[in-house]
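Colleague: Please take a close look at one helix of this model and at what surrounds it. I would like the packing described in some detail, in one connected account.

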Amino acid sequence: MKKIITISREFGAGGGSIGREVAKELGYDYYDKSIILQAAKEFGIDIERMVRWDEKVPFLFGFGQSLFDFYNRPLDEKLFAAQKQVIRRLGEKGKCVIVGRNANSILHEFDNSLHVFIGADPYWRLQRMKKEKMKDMTEQKIVDHMRTVDKMRKKYCSHYTSTEFGVAEFYDLCLRSSSLGEDRCVQLICDIARK
């Protein structure tokens, strides 16, 4: 039985809702942006500023800063270090589904883990977001937002890890929710996790 499931996802592909359902079906804890708030609380970092940096790459990387001096690093570096510590603690605890935050890379050496990527056809993602979460936005604004978020996630991933966002070799399982449907994705992840 897999004790840790990480889900990376394209914006609008349903990774969050799939992750919540997987956690519910397996009786696991579910974590997403709540990790940021937990990290902020534990490390005494301003929550507002922390949320602003969520899954974003810094404009200037602090090369002059010591990588070992946590408190003198730029805020974005502190954020990632704090999130990483929280994610590793969650991994050690087990029985969890973690969405985003490069958890697949952070927990890649953990036994009994399953790392999943959820992608979907752009038109399907557009329709899903238009129907569920971005009802008041024009289609063009939704498409622009999808591209921006996916681009930020790719940059964030390559900046903080030695992996590439959405590239199959960095995941155990890659699914297209637009082809399979969210319910089937949930079932496949749960079936694999149980074996």
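Modeller: Helix α1 has 12 residues and spans 16 Å from its first C-alpha to its last, close to the 16 Å expected at 1.5 Å a residue. This is a predicted model, with a mean pLDDT of 85 for the protein chain and 82% of its residues at 70 or more. Residues 59-73 have a pLDDT below 50, and in the model this stretch makes 19 contacts beyond near neighbours in sequence.

The buried residues of α1 are Gly15, Gly16, Ser17, Ile18, Gly19, Val22, Ala23 and Leu26. After the helix comes Gly27, with a positive phi near 75°.

One of these buried residues, Val22, also appears in the largest nonpolar core. That core has 21 residues, and Val22 is listed with Ile5, Val116, Ile118 and Ile189 as those touching the most other members. Two or more core residues come from each of β1 (4-9), α1 (15-26), β3 (96-99), β4 (113-119), β5 (173-176) and α9 (182-194). The largest share, 5 residues, is given by α9.

Val116 shows how the contacts run between separate stretches of chain. Leaving aside residues up to four places away in sequence, Val116 touches Ile5, Thr6, Ile7 and Ser8, together with Tyr171, Leu173, Leu175 and Ile189.

Gly119 also belongs to strand β4. Gly119 has a relative accessibility of 4%, so this glycine counts as buried. Its C-alpha lies 5.6 Å from that of Ala13, although the two residues are 106 apart along the chain. Contacts of Gly119, again without residues up to four places away in sequence, are made with Glu10, Ala13, Leu175, Arg176, Ser177 and Ser178. Leu175 is thus a neighbour shared by Gly119 and Val116.

A second core, separate from the one above, has 15 residues, including Val86, Ile87, Ala103 and Tyr160. Tyr160 leads to the aromatic residues. The structure holds 5 aromatic pairs. In one of them, the ring centres of Phe80 and Tyr156 are 6.0 Å apart and the planes meet at 80°, so the pair is edge-to-face. Phe80 sits in helix α4 (residues 75-93) and Tyr156 in helix α7 (residues 139-160), so this pair ties together parts 76 residues apart in sequence. Both side chains come from buried residues: the relative accessible area is 9% for Phe80 and 2% for Tyr156.

Phe80 also pairs with Tyr160, with centres 4.3 Å apart and planes at 20°, so that pair is stacked. Here too distant parts of the chain are linked, since Phe80 is in α4 and Tyr160 in α7, 80 residues apart. Tyr160 is buried as well, because its relative accessible area of 14% is under the 20% cut-off. Through these ring pairs, Phe80, Tyr156 and Tyr160 form a cluster.

To return to the helix in question: α1 is one of the elements that give two or more residues to the largest core, and Val22 is among the core members with the most contacts to other members.

How values were computed
Residues are numbered from 1 along each chain as its sequence is written. Side-chain values use heavy atoms; hydrogens and water are left out. pLDDT is the predictor's confidence in each residue, from 0 to 100. Contact means heavy atoms within 4.5 Å. Rings of Phe, Tyr and Trp (its six-membered ring) pair if their centres lie within 6.5 Å; planes under 30 degrees apart count as stacked, over 60 as edge-to-face and the rest as tilted. Helices (H or I, at least four residues) and strands (E, at least two) are DSSP runs, numbered from the N terminus. Buried means under 20% relative accessible area, exposed over 50%, partly exposed in between (1.4 Å probe, protein chains only). A nonpolar core is a set of buried Ala, Val, Leu, Ile, Met, Phe, Trp, Tyr and Cys residues joined through side-chain atoms within 4.5 Å. The expected span of a helix is 1.5 Å times one less than its number of residues.
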